Amino acid sequence: MAVDLVDLMRGLDDRVPRYTSYPTADRFEANVGVREYLAAVRESNSLPLPPPLSLYVHVPFCHSLCYFCGCNKMVTRNLKKPGEYLEALGAELRWHGRLFDHDRKVDQLHLGGGTPTFLTDLQLQKLLRIAGEAFELDYGREREFSIEIDPRTVDAVRARNLVGMGFNRFSLGIQDFDPDVQASVNRVQSFGDIEAVVASLRASGDVAISFDLIYGLPHQNRESFGRTIERTIELLPDRIAVYRYAHLPQRFKSQRLLESDRPELEERLEMFAKARRMLLEAGYEAIGLDHFARPEDELARAWKDGSLHRNFQGYSTRGGRDLIAAGPSAMGFVGHCFVQNEPRYADWKDRALEGDSFVRGFVMNTDDRMRARLIQDIMCRGRVNLEKLAERYTSTEWKDLFDPENGDLHALESKGLIQLDGPSLVATPEGILALRQIAKTFDRYL
């Protein structure tokens, strides 16, 4: 299997979007902002059954710099920063909260970063109190309140506090367990420390735990990354993401600090193939591109029953919600309108206090909405019926509508990545690893 998988991946162009949105964020326009967002909120509120809300809060601070990181972050030891951040965040959340009908509850909350656990427990409690004053947070059993944590910032007491605040899903940035790899990326955290954090979280309540791993970092190889997978399986997280490291030092200055001893393409492909095989043999199920989940996890169930969703935070089990975004660089989606906040912290803070954090956005037309649905179906289900999709959005015959893509689709079929049966497109087992490339076929902006 591993050899076949390597052969398959070697032939794929990896320079394609991850499709956490369509259109992708690089297509957002500077002339879309508050006016378009307000119109989208009004339309959403007027629906016969407005959907629940999802809230993403970006916490930009980090105690130290991880050299591989491409996230929007601020490395600081300035203890005044969180106070001013929470003041601006409060103004921003109150502005959003006044727009939405108050009977629309937030049942999905995600704190990302940066490092959300840079904030103290008291500051996190204040953040949740601010959010709860602006919106009705649904603390019911079906909620998904997640937080990204740096394992180095959480001990047993803090684990109990976080669970007590209502968080029930925890995402741990692991990357790799090998000490040499950790030292090379400036992210040193022992297996024992992470094992203790996982045990403390599980002892504190009914929680789900996710690990983020990265392959392609300095000093990694098949054997060393295989040991990381072994140790990951030993801790049995509910979900695992195995991401390929993207080296873009021209965009992310911190990556210029990385050592040059990174594995070559062939080694990287073999690392992922081995990791995938090991996780499947350990009982995990492959979800889409590079995610794995225990069979009982709701992500695995959603992949099987067709209810999986994809948004800016990746794969999710709660689709159809308006996504409210707060904090620098955060991206939201209401109705058919995307928005993104000012990414520079100081500028975001000033704009949030003034009630206008948006710097760009995008309003989808009918073709965008159709293709967004199509790409969601491919990325989250591995299948789509082009005829039914065309009937839902247009009066154009599906064969005519997708005629420009016809040649590319037959090329994908000849490679064994998809099966075509009239208007039905289904990704093969091998094609599941090429969902981005299949989706790209329908991206009219490329």
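Here are a few friendly notes on some helix packing and one buried strand residue in this predicted model.

1. Let's start with helix α4, residues 121-134. With 14 residues at 1.5 Å a residue, α4 should span 20 Å, and its end C-alpha atoms are indeed 20 Å apart, so the expected and modelled spans agree.

2. Which residues of α4 are buried? They are D121, Q123, L124, L127, L128, I130, A131 and A134. If you want to see what surrounds them, look at two helices, α3 (81-99) and α5 (156-165), and at the strands β1 (53-59), β4 (106-113) and β5 (144-149): the buried residues of α4 pack against these elements.

3. Helix α3 also packs with helix α11, residues 345-354. The angle between α3 and α11 is about 40°, and their axes lie 8 Å apart. That angle makes α3 oblique to α11, and the crossing of the two is left-handed.

4. On the α3 side of this contact you will find K81, E84, Y85, E87, A88, L89, A91 and E92, which meet Y345, W348, K349, A352 and L353 of α11. By type, the residues in the contact of α3 with α11 comprise eight nonpolar and five charged, with no polar ones.

5. A further partner of α3 is helix α2, residues 34-45. Here the axes come within 10 Å and cross at roughly 45°, which means that α2 is oblique to α3.

6. Which residues make the contact between α2 and α3? From α2 come V34, Y37, L38, V41 and N45, and from α3 come W95, H96 and L99. This set holds six nonpolar and two polar residues, and no charged ones. For your own check of side chains, the contact of α3 with α11 has five charged residues, whereas the contact of α2 with α3 has none.

7. Finally, a look at L323, which sits in strand β13, residues 322-326. Is L323 buried or exposed? Its relative accessible area is 6%, under the 20% cut-off, so L323 counts as buried.

8. What does L323 touch, leaving aside its neighbours within four places in sequence? Its contacts are S54, L55 and Y56, then F312 and Q313, and also M331, G332, F333 and V334. Take F312 as one of these: it is eleven residues from L323 in sequence, and the C-alpha atoms of the two are 9.4 Å apart in space.

Notes. Residues are numbered from 1 along each chain as its sequence is written. This is a predicted model: local features need pLDDT of at least 70, side-chain atom pairs count only at pLDDT 80 or more; totals for chains, interfaces and linings use all residues. Side-chain values use heavy atoms; hydrogens and water are left out. Helices (H or I, at least four residues) and strands (E, at least two) are DSSP runs, numbered from the N terminus. The expected span of a helix is 1.5 Å times one less than its number of residues. Buried means under 20% relative accessible area, exposed over 50%, partly exposed in between (1.4 Å probe, protein chains only). Contact means heavy atoms within 4.5 Å. Axes are lines fitted to C-alpha atoms, for helices over the stretch in contact, and angles run from 0 to 180 degrees between N-to-C directions. Angles under 35 degrees count as roughly parallel, over 145 as roughly antiparallel, 65 to 115 as roughly perpendicular and the rest as oblique. A crossing is left-handed if the near helix is turned anticlockwise from the far one by less than a right angle, and right-handed if clockwise. Ala, Val, Leu, Ile, Met, Phe, Trp, Tyr, Cys and Pro count as nonpolar, Asp, Glu, Lys and Arg as charged, and the others, Gly among them, as polar.
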